[in-house]
Amino acid sequence: MENKLIEFRNVSFRYTDEQPWVLKDCSFTIYENEWVAIIGHNGSGKSTIAKLMNGLIFPQKGEILIGDKIIDEQTVWEIRREVGMVFQNPDNQFVGTTVQDDVAFGMENRGFPREEMIRLIDESLSAVGMEKYRLTEPYRLSGGQKQRVAIAGVLAISPKVLILDEATSMLDPKGRLEIMETVAHIQTERDLSLITITHDLNEVTQADRVIVMNRGELWKEGTPREIFTEKASLRQIGLDVPFSSTLAEELRRYHIPIEKEPLNHEELLEELWTLHSKM
Ligand SMILES: Nc1ncnc2c1ncn2[C@@H]1O[C@H](COP(=O)(O)OP(=O)(O)OP(=O)(O)O)[C@@H](O)[C@H]1O
């Protein structure tokens, strides 16, 4: 059995006593070295989960563990070193006047020695392909480059898990693809866990596991293929399914026996090719 990294135990949360519960009795586990995508309609509680994982807010009911530590006021500073987060809008995340200052910021806050900081700035900027931009002012960068720098800043503190909360949603398809390729590569290289909160189905299909949220409750968890097999229920809770999966559904209506749920067009073509060669 893999090692547990993050565990939600019957977590409920609301922003104020007057407001309704935003998360209701959520229990799930994230393991070391896995990539989990969290999906759900707008307002289903995904970003709230990310903020809870980083100790930006605390649950009123239940508990959250990182490794064997419960997140509370005492452990939160230690835990923030283990849980790195990158948000949607890169412009709200910049604090440095140059790229290297920005990457250094998280380390300065945590009192890293200077020599180690210099080494880690180099290492993390090259991990995201931004080593040439050390002295560039952040406002001169493109959206995708800014997100790379934000990721480098998080990587520099060597977290155990990297959470991307809609971190690619402001990028064009090419920028998205490039960032996700970089992140997937870093994840395997560094044995990180990766949690992506996203509406991008292409990203979801690449994850090892998917957690589906609906109205503050954990609706289902499973592999992308297991999740996307349930197309009708997903649509009912306001979620989309990959185009290849919808197309397979249509083809089955025409009695074309597509067996495996195709997660992308390559898999669908492969299925069709196999059927064709049996004819
Ligand atoms: N700071 C806040 N104060 C009060 N209510 C909030 C706050 N942040 C979020 N909420 C509410 O909590 C609920 C869950 O929000 P959350 O941002 O976690 O959803 P989400 O699934 O990430 O949505 P989206 O896909 O739109 O980003 C929503 O009803 C939202 O209005």
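Two strands are taken to pair if DSSP finds at least two bridges between them, and strands (E, at least two residues) and helices (H or I, at least four) are DSSP runs numbered from the N terminus. The legends describe a predicted model, in which local features need pLDDT of at least 70 and side-chain atom pairs count only at pLDDT 80 or more, while totals for chains, interfaces and linings use all residues. Residues are numbered from 1 along each chain as its sequence is written.

**View 1. The hairpin of strands S9 and S10.**
Strand S9 (residues 209-214) pairs with strand S10 (residues 217-222) in the antiparallel sense over five bridges, and within this ladder Val212 stands opposite Lys220 in S10. Two residues lie between the strands of this hairpin, and Arg215 in the turn has a positive phi of about 45 degrees.

**View 2. The mixed six-stranded sheet.**
The hairpin strands belong to an open sheet of six strands, ordered S6-S7-S8-S3-S9-S10, in which the pairing is mixed. Strand S6 (83-86) and S10 stand at the edges with a single partner strand each, so one side of each is left without a neighbour in the sheet. On average, and with direction ignored, neighbouring strands of this sheet are turned by 20 degrees against each other, where axes are lines fitted to C-alpha atoms (for helices over the stretch in contact) and angles between N-to-C directions run from 0 to 180 degrees. Strand S3 (residues 35-40) pairs with S9 in the parallel sense over five bridges, and the bridge partner of Ala37 in S9 is Val210. Helix H1 (residues 46-53) lies across S3, S6, strand S7 (161-165), strand S8 (193-197) and S9, and runs at about 150 degrees to S7.

**View 3. Strand S8 and its two neighbours.**
Five of the five residues of S8 are buried, so the strand is largely enclosed by the rest of the structure; a residue counts as buried if 20 or more other C-beta atoms, placed from the backbone, lie within 10 Å of its own, as exposed if 12 or fewer do, and as partly exposed in between. In a regular strand the side chains alternate between the two faces of the sheet. In S8, Ser193, Ile195 and Ile197 are buried on one side, and Leu194 and Thr196 are buried on the other. S8 pairs in the parallel sense with S3 over four bridges, Ile38 having Ile197 as its bridge partner in S8. S7 and S8 also pair in the parallel sense, over five bridges, and here Ile163 stands opposite Ile195 in S8.

**View 4. The antiparallel four-stranded sheet.**
A sheet of four strands, likewise open, has the order S2-S1-S4-S5 with antiparallel pairing. Its edges are strand S2 (23-31) and strand S5 (69-70), each with a single partner strand, so one side of each is left without a neighbour in the sheet. Strand S1 (residues 4-13) and S2 pair in the antiparallel sense over six bridges, with Ile30 in S2 as the bridge partner of Ile6. H1 packs on this sheet, touching S1, S2 and strand S4 (61-66), and its direction makes about 120 degrees with that of S1; two residues are in contact if their C-beta atoms, placed from the backbone, lie within 7 Å.

**View 5. The shell around the ligand.**
The residues that surround the ligand, with C-beta atoms, placed from the backbone, within 6 Å of it, are Tyr15, Val22, Gly40, Asn42, Gly43, Ser44, Gly45, Lys46, Ser47 and Thr48. H1 gives the largest share of this shell, three residues. By class the shell has two nonpolar, seven polar and one charged residues, where Ala, Val, Leu, Ile, Met, Phe, Trp, Tyr, Cys and Pro count as nonpolar, Asp, Glu, Lys and Arg as charged, and the others, Gly among them, as polar.

**View 6. Helix H3 and the surroundings of Ala152.**
In helix H3 (residues 99-109), the buried residues are Val99, Gln100, Asp102, Val103, Ala104, Gly106 and Met107, and they pack against helix H4 (114-127) and helix H5 (143-155). H3 is followed by Gly111, whose phi is positive, near 70 degrees. Ala152, placed in helix H5, is buried, with 28 other C-beta atoms within 10 Å. Leaving aside residues up to four places away in sequence, Ala152 touches Val103, Ser124, Leu125, Ala127, Val128 and Met130.
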